[in-house]
Amino acid sequence: MKKIVFAIIGLVLINCFMISYAKTSDIPQEVAVGTNLDSLINVTGYFCKNDTIDYWISETEWKLNDGDTIKTAGVSTKVRIVVTDSTSTGYKMTYTFLDCVGDTAVDKGLGAFQNKIVEKLGKKVVGTTIEFETDEFGHITKFNNLGKIKKQAKSLYKDCMNEFVNDDAIKALKGMGIDMKNLINQNVNTDELVDGYTKELNMLFACHGYSYPLGENHAHEDATDTQYENDTYVTVTKDEDDDYHLSFDVVSIIPQSVIKDKIAELVGMFVNNDIKEDFATEYDKQVNADATSDSYLVYDFIGNGWPYKVLDQTTNMIGKVGKCKQTYIWVDYYSFANWAKKSCI
């Protein structure tokens, strides 16, 4: 949801702009050949018709500067998942947005503007329902009403853009040669906008249908033409009550030249040529090190396959300066027919 309501906000964070390279789709999904099947955790959903679960999704951002941590943005969204049908081949479910609130503790600068956007636009998403289906393990296989969601996403994005460019602080930038109205004329990728509605939903069910070896595992990959140098750490544990826990930590090294090119591309969207040239000169003076991107993803599952906590945190640093983005999902309410992993079919 945040990508829809605040899609433009990240464009003004030039001074701490960093690129997130690790995504939910990067979760390891294969088990090494020869792994003892008794030492595996199989993520399987033992769901039943009418199962209902409410989650709070907290999304926050921090600016990091030489040991100081400043919260710059925050929004919380409440959602509900209901199993509407349960068969031997899979499940049908709904995902409904129940509430959206800004973080009142962030009341200055960008945080204040964000709260204004939440108040005016975030509430328009409340009541929206996404219909989806999963396979027998609980992995999402299909969304049934994305056409309607795309229309709403595009409309909300335009509303957000208009709110942004008409803000007094943004208007003042025009006198400095920075005209944000150019952004309105940019082509909108509706698939990316829809991702703002489905990102956390996909995250909740991303591990279902896959198996992970118990214990701790580490893998290193050198840089290639298609990926950056990285280290991956995977930890899998299981409790006596059959609850289980997965964590994935991916640390990537991003070359200085890549960061410069990406930021220059962003700057070029809304400044004149003189500012572009100044940016290139100043960037080379100020930045002389590679960046690191640390993506940390943690799942806590109930034995019946429902996730009850998910943490997705990405920390991007150049030297002692950077940015941290975190999504934390936790259960607020649940009603389950199946705790003993028995079939409801």
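Which residues do ring pairs link into a cluster? In this predicted model, the cluster consists of Phe47, Tyr91, Phe132, Phe143, Phe205, Trp306, Tyr334 and Phe336. The sheet, the core and the ring pairs are taken in turn below, with a return to the cluster at the end.

The sheet is open and is built from eleven strands, which follow one another in the order S6-S5-S4-S3-S2-S13-S12-S11-S10-S9-S8 with antiparallel pairing. Strand S6 (140–143) and strand S8 (215–221) occupy its edges; each has a single partner strand, so one side of each lacks a neighbour in the sheet. On average, and with direction ignored, neighbouring strands of this sheet are turned by 20° against each other.

Towards the S8 edge of the strand order, strands S9, S10 and S11 follow one another. Strand S9 (residues 230–238) is paired with S10 through nine bridges in the antiparallel sense. These two strands form a hairpin with five residues between them, and in the turn aspartate 242 has a positive phi of about 75°. On its other pairing, S10 is joined to strand S11 (residues 291–301) by eleven bridges, again in the antiparallel sense. Serine 247 illustrates both pairings: this residue of S10 is the bridge partner of threonine 235, and its own bridge partner in S11 is valine 298. Strand S10 (residues 244–254) is mostly covered, with nine of its eleven residues buried.

In the part of the sheet that holds S4 and S5, strand S4 (residues 90–102) runs antiparallel to strand S5 (residues 129–134), and six bridges join the two. Within this pairing, methionine 93 has phenylalanine 132 of S5 as its bridge partner.

Methionine 93 also belongs to the largest nonpolar core, which has 45 residues; Ile81, Met93, Tyr95, Phe205, Leu246, Tyr299 and Trp306 are those with the most contacts inside it. Helix H5 (residues 190–204) gives the most to this core, contributing six residues. The surroundings of isoleucine 81 bring several of these elements together. Leaving aside its neighbours within four places in sequence, isoleucine 81 is in contact with twelve residues' worth of partners listed as Asp51, Thr52, Ile53, Tyr55, Met93, Thr94, Tyr95, Phe132, Leu201, Leu204, Phe205 and Trp306. A second, separate core has five residues, including Ile254, Ile259, Ala291 and Ile318.The aromatic residues add a further set of relations, with a count of 14 aromatic pairs. Phenylalanine 132 and phenylalanine 143 form one that is tilted, at 6.4 Å centre to centre and with 45° between the planes. Because phenylalanine 132 lies in strand S5 and phenylalanine 143 in strand S6, the pair ties together parts that are eleven residues apart in sequence. Phenylalanine 132 is buried, with a relative accessible area of 1%, whereas phenylalanine 143, at 23% relative accessibility, counts as partly exposed.

Phenylalanine 132 forms another tilted pair with phenylalanine 205, at 5.9 Å centre to centre and with 55° between the planes. Phenylalanine 205 lies in the loop between H5 and strand S7 (211–213) and phenylalanine 132 in strand S5, so this pair ties together parts that are 73 residues apart in sequence. With a relative accessibility of 2%, phenylalanine 205 counts as buried. Phe132, Phe143 and Phe205 are thus among the residues of the cluster named at the outset, together with others including Trp306.

Conventions
Residues are numbered from 1 along each chain as its sequence is written. This is a predicted model: local features need pLDDT of at least 70, side-chain atom pairs count only at pLDDT 80 or more; totals for chains, interfaces and linings use all residues. Side-chain values use heavy atoms; hydrogens and water are left out. A nonpolar core is a set of buried Ala, Val, Leu, Ile, Met, Phe, Trp, Tyr and Cys residues joined through side-chain atoms within 4.5 Å. Buried means under 20% relative accessible area, exposed over 50%, partly exposed in between (1.4 Å probe, protein chains only). Helices (H or I, at least four residues) and strands (E, at least two) are DSSP runs, numbered from the N terminus. Contact means heavy atoms within 4.5 Å. Two strands pair if DSSP finds at least two bridges between them. Axes are lines fitted to C-alpha atoms, for helices over the stretch in contact, and angles run from 0 to 180 degrees between N-to-C directions. Rings of Phe, Tyr and Trp (its six-membered ring) pair if their centres lie within 6.5 Å; planes under 30 degrees apart count as stacked, over 60 as edge-to-face and the rest as tilted.
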